[in-house]
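Me: I am new to this structure and should like to learn how its features are read. Could we begin with the way helices pack?

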Amino acid sequence: MTLEASFGASAPPAPPPAYQVRSESRLVRAALIAVALGFLGLFLVLPLAVVLTRAFASGVSAYAAALTEPDALAAIRLTLTAAAIAVPLNLLFGLCAAWCIARFEFRGKSVLITLIDLPFSVSPVIAGMVYVLLFGLHGWLGPWLRSHDVQIIFALPGIVLATVFVTFPFVARELIPLMQEQGSDEEEAAVVLGASGWQLFLRVTLPKIKWGLLYGVLLCNARAMGEFGAVSVVSGHIRGQTNTMPLHVEILYNEYNMAAAFAVASLLAALALVTLVIKTLLEWRYADELAATRRH
């Protein structure tokens, strides 16, 4: 008889059996990898290969001529101009919104977060139509704008507004969770030591969020240059004036000018591939930053 039995004590419960981690067979792993690679090859690599092949089908000289003709150059300039205006505006908004949401508690905070996510759920075409109803010739502000000789729709301001609307969540959505996870201890310590607001941002906050900020700016820029729906509504499709690169590709394709259409499309595809490479590099640095934040 054991000592526990002599005093009427019950024996401690047996530890639960350890769960064994199951590993899939090599055949199953190979099948899953083959399905994933086949899916990527069919829906990503193959279309890009077709675009590049068709772009150079008529030769390098025809490819260069398609990219240097006046309408194509105007579309490229307009796309870069719209992105150059929209991305800094969204950068400023994203920083301000992330700072407010991560550092302060206020009424309407959940509403602000919901509004930031709005472009993800609203069709870009609807966003373009809203701007037409507001600033168009027969819109709410149309008569006042016309009387003051201000044109927004079918001009660069309308394209910038549409681009800003569809891209403004990207920077904020990258910074908000990062700043919330990092906390505000270092900022509070800097304030106690006498740091000004500008010093606080440059020397404490910005170094901690720089990779997330660059990642959000990159996604914002890629979305701005590739936007079609909202820009299509507010641009008016004026050739050589309000056509961005995606709109120019559509016009060339509808005119059966395949060589030029695929040439401009290949330029957009090249920008997308460059964005993908930079995005991958930033993700590595971003992951290292998050890991370092969790260790501290």
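Reply: The model is a predicted one. For packing, one takes the angle between two helix axes: under 35 degrees counts as roughly parallel, over 145 as roughly antiparallel, 65 to 115 as roughly perpendicular, and the rest as oblique.

Me: How are H4 and H12 placed relative to each other?

Reply: Helix H4 covers residues 70-103 and helix H12 residues 197-226; their axes lie 9 Å apart, at an angle of about 135°. H4 and H12 are therefore oblique to each other. Their crossing is right-handed.

Me: Which residues of H4 meet H12?

Reply: On the H4 side they are Thr79, Leu80, Ala83, Val87, Asn90, Leu91, Leu95, Trp99 and Arg103. Their partners in H12 include Leu200, Phe201, Ile209, Leu213 and Met225.

Me: At what angle do H10 and H12 cross, and how should that be described?

Reply: Helix H10, residues 169-182, crosses H12 at roughly 160°, and the two axes come within 7 Å. H10 and H12 are therefore roughly antiparallel to each other. The crossing is right-handed. Among the residues of H10 that make the contact are Phe170, Val171, Leu175 and Leu178, while H12 contributes, among others, Gly212, Tyr215, Gly216 and Arg223.

Me: What is the arrangement of H11 and H12?

Reply: Helix H11, residues 185-192, packs against H12 at an angle of about 165°, with the axes 10 Å apart. That angle makes H11 roughly antiparallel to H12. Here too the term for the crossing is right-handed. Glu186, Glu187, Ala190 and Val191 of H11 touch Leu200, Val204, Thr205 and Lys208 of H12.

Me: Let us turn to charged side chains. How many salt bridges does the structure hold?

Reply: Side chains of opposite charge can pair when their charged atoms come close. The structure holds five salt bridges. One of them joins aspartate 71 to arginine 239, with the closest N and O atoms 3.0 Å apart. Aspartate 71 belongs to helix H4, and arginine 239 to the loop between helix H13 (229-235) and helix H14 (245-254), so this pair ties together parts that are 168 residues apart in sequence.

Me: Finally, which residues form the nonpolar patch on the surface?

Reply: The patch is formed by Ile33, Leu37, Phe39, Leu40, Leu42, Phe43, Leu44, Val45, Leu46 and Val50. Together they have about 990 Å² of accessible area. To locate the patch, one may begin at isoleucine 33, which is placed in helix H2, residues 26-55.

Technical notes:
Residues are numbered from 1 along each chain as its sequence is written. This is a predicted model: local features need pLDDT of at least 70, side-chain atom pairs count only at pLDDT 80 or more; totals for chains, interfaces and linings use all residues. Side-chain values use heavy atoms; hydrogens and water are left out. Patches are made of residues with over 30% relative accessible area and no salt bridge: like charges are joined within 9 Å, nonpolar side chains (Val, Leu, Ile, Met, Phe, Trp, Tyr) within 5 Å. Accessible areas come from the Shrake-Rupley method with a 1.4 Å probe; for residues, only the protein chains shown count as cover. A salt bridge is a side-chain nitrogen of Lys or Arg within 4 Å of a carboxyl oxygen of Asp or Glu. Helices (H or I, at least four residues) and strands (E, at least two) are DSSP runs, numbered from the N terminus. Axes are lines fitted to C-alpha atoms, for helices over the stretch in contact, and angles run from 0 to 180 degrees between N-to-C directions. A crossing is left-handed if the near helix is turned anticlockwise from the far one by less than a right angle, and right-handed if clockwise. Contact means heavy atoms within 4.5 Å.
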